[in-house]
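Please work through the exercises below with the sequence and the model side by side, trying each task before reading its solution.

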Amino acid sequence: VSDGRDLLGQLRVEPGSPAGLKRRDTGARLGAANKAAGLERLDELVRRLGILHNRLAAEATRAVLLVLQGMDASGKDGTIRNVLTGINPQGCRVVSFREPTSSEAAHDYLWRVHAVCPARGEIAIFTRSHYEDVVAVRVRGLEPEEVWRRRYEHIRSFERMLTDEGTTVVKVFLHLSEDVQRTRLRERLENPEKRWKLRVADLDDRRHFEEYAAAYEDAIRETSTQAAPWYVVPADHNWVRNLAVGEILVATLERLDPRLPAPDPGLEGLEVS
Ligand code: ATP
Ligand code: MG
C-alpha cells in the first residue's frame, strides 16, 4: 500500500454521496503488491496503534469509537482479533450488539448504545450497533418505515453530539460478496469448530442478501457525515480487510495526535537508586 491517505480517500463515503456498494469491488487489493507485503504493513500498523492508544489513554481527554458493520461472516470478529492485537486491553472495550433483550427493548434504541460508548482515553469497538436499528429492523420488518426512516436523523445528531463532546466516531462497513459469504457460511456449517457460530436465522438473512445490501446503501448514504464518516472496506480477502481497517484506525489516531502528559517536574536530574 503506497499511501495511507490516498487509500482512505478511496474508501471514505463523502457526505451526501451514495455508498456505491454495487460498483465497489469486494475483492479489491487496494494497491498492496501482494499478501506478504500487506502483512508486513499490518505488523507496522499494529505496533503504531499500540503506541497511539497508549498516548490516548495517558492523555485521557478524548475517545475513539469504531463501529464495525457487515453481513454475517464479513469478518467483524477476525478484524478485531488481527488489528487490535497490539492494544492494551485496559482502555479498550469491545461490545457486540445482539437482538435487544427485553430490558433493552423497553427503552429507546440508542439507550443501550450510549451506555457503552467509550470514556475519555478509551477506544471502543462495536460489532454491530445502532445501525441494526435501520438495517436489520428494516429488512426483517420489525418496525414500519415511518419509524426506522426517522432514525437516520437521530443517528446523525447522536453521533454529532458524541463528536462535539470529544469522541471521534469512525464507521466501517465490511463489504463482502454474496459468493464469498456462501463459502464462509458453508464452512461454518461443516467445520465443527465453527458450527456454533451459525444460526438458522443466518440462513434466512442470507436469502435477503440483496435487501440487506440496499438497506446498507441507504443507511450509509444517510449517515456518512463530516463528523462521523463511513468507510467501505473490501472484505473478500481477510488480509486486505485487516490492512484497510488498520490504516483507517492509525490515520484517525494520528489526526487526533494524542499527547502524553508532561512529566513530573520534580523528576529532573533524579536517578533511580
Ligand atoms: P457473525 O458475523 O460472526 O455471525 P454476528 O454479529 O452475526 O457475528 P450474532 O450473535 O451471530 O453475531 O448475531 C447477532 C444478531 O443480532 C444479528 O443477526 C443482528 O442482526 C441481530 N441484532 C443486533 N442488533 C439488533 C437490533 N437492534 N434489532 C434486531 N436485531 C439485532
Ligand atoms: Mg451471526
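The exercises that follow concern a predicted model, and each task is followed by a solution in steps.

**Exercise 1.** Describe the largest pocket by its volume, its lining and the helices that supply this lining.

*Solution.* Begin with the volume, which for the largest pocket comes to about 1,300 Å³. Next, turn to the lining, which is made of 43 residues, with Asp72, Lys76, Phe97, Arg98 and Arg128 closest to the centre of the pocket. Then sort the lining by class, which gives 25 charged, 10 nonpolar and 8 polar residues. Finally, look for the helices that supply at least two lining residues each, among them helix 3 (76-83), helix 9 (178-190), helix 10 (200-207) and helix 12 (238-256).

**Exercise 2.** Find out how many cavities of 30 Å³ or more the whole structure has, and describe the lining of the largest cavity.

*Solution.* A search of the whole structure yields 1 cavity of 30 Å³ or more. The largest cavity holds about 100 Å³ of space, and of its 13 lining residues Met71, Asp72, Arg128, Asp205 and Tyr212 are the closest to its centre. Helix 10 and helix 11 (209-223) are the elements that give two or more residues to this lining. Sorted by class, the lining of the largest cavity consists of 7 charged, 4 nonpolar and 2 polar residues. A comparison with the first exercise then shows Asp72 and Arg128 listed among the residues closest to the centre of the pocket and also among those closest to the centre of the cavity.

**Exercise 3.** Which element gives the most to the largest nonpolar core, and what does Leu11 touch?

*Solution.* As background, nonpolar side chains in soluble globular proteins tend to be buried together. The largest nonpolar core has 38 residues, and those with the most contacts inside it include Leu11, Val233 and Ile248. Helix 12 gives the most to this core, namely 11 residues. Leaving aside residues up to four places away in sequence, Leu11 touches several residues, including Trp230, Tyr231, Val232, Val233, Pro234 and Ile248.

**Exercise 4.** Is strand 6 mostly covered or uncovered, and which strands pair with strand 6?

*Solution.* Count the buried residues first: 5 of the 5 residues in strand 6 (230-234) are buried. Then separate the two faces, where Trp230, Val232 and Pro234 lie on one side and Tyr231 and Val233 on the other. For the pairing, strand 1 (residues 12-13) runs antiparallel to strand 6 and is joined to it by 2 bridges, with Tyr231 as the bridge partner of Arg12. Strand 5 pairs with strand 6 in the parallel sense over 5 bridges, and Leu174 stands opposite Val233.

Methods. Residues numbered from 1 in each chain as written. Chains lettered and ligands numbered in written order. Predicted model: local features only at pLDDT ≥ 70, side-chain atom pairs only at ≥ 80, totals over all residues. Heavy atoms only, no water. 1 Å grid on protein atoms, 1.4 Å probe; cavity = no way out; pocket = protein on both sides within 12 Å on 5 of 7 lines; lining within 4 Å. Points joined across faces, edges and corners; volume = space filled by probe spheres on them. Helix = DSSP H or I, 4+ residues; strand = E, 2+ residues; numbered from the N terminus. Nonpolar A, V, L, I, M, F, W, Y, C, P; charged D, E, K, R; others polar. Core = buried A, V, L, I, M, F, W, Y, C linked by side-chain atoms within 4.5 Å. Buried < 20%, exposed > 50% of the residue type's maximum accessible area, 1.4 Å probe, protein only. Contact = heavy atoms within 4.5 Å. Pairing = 2+ DSSP bridges.
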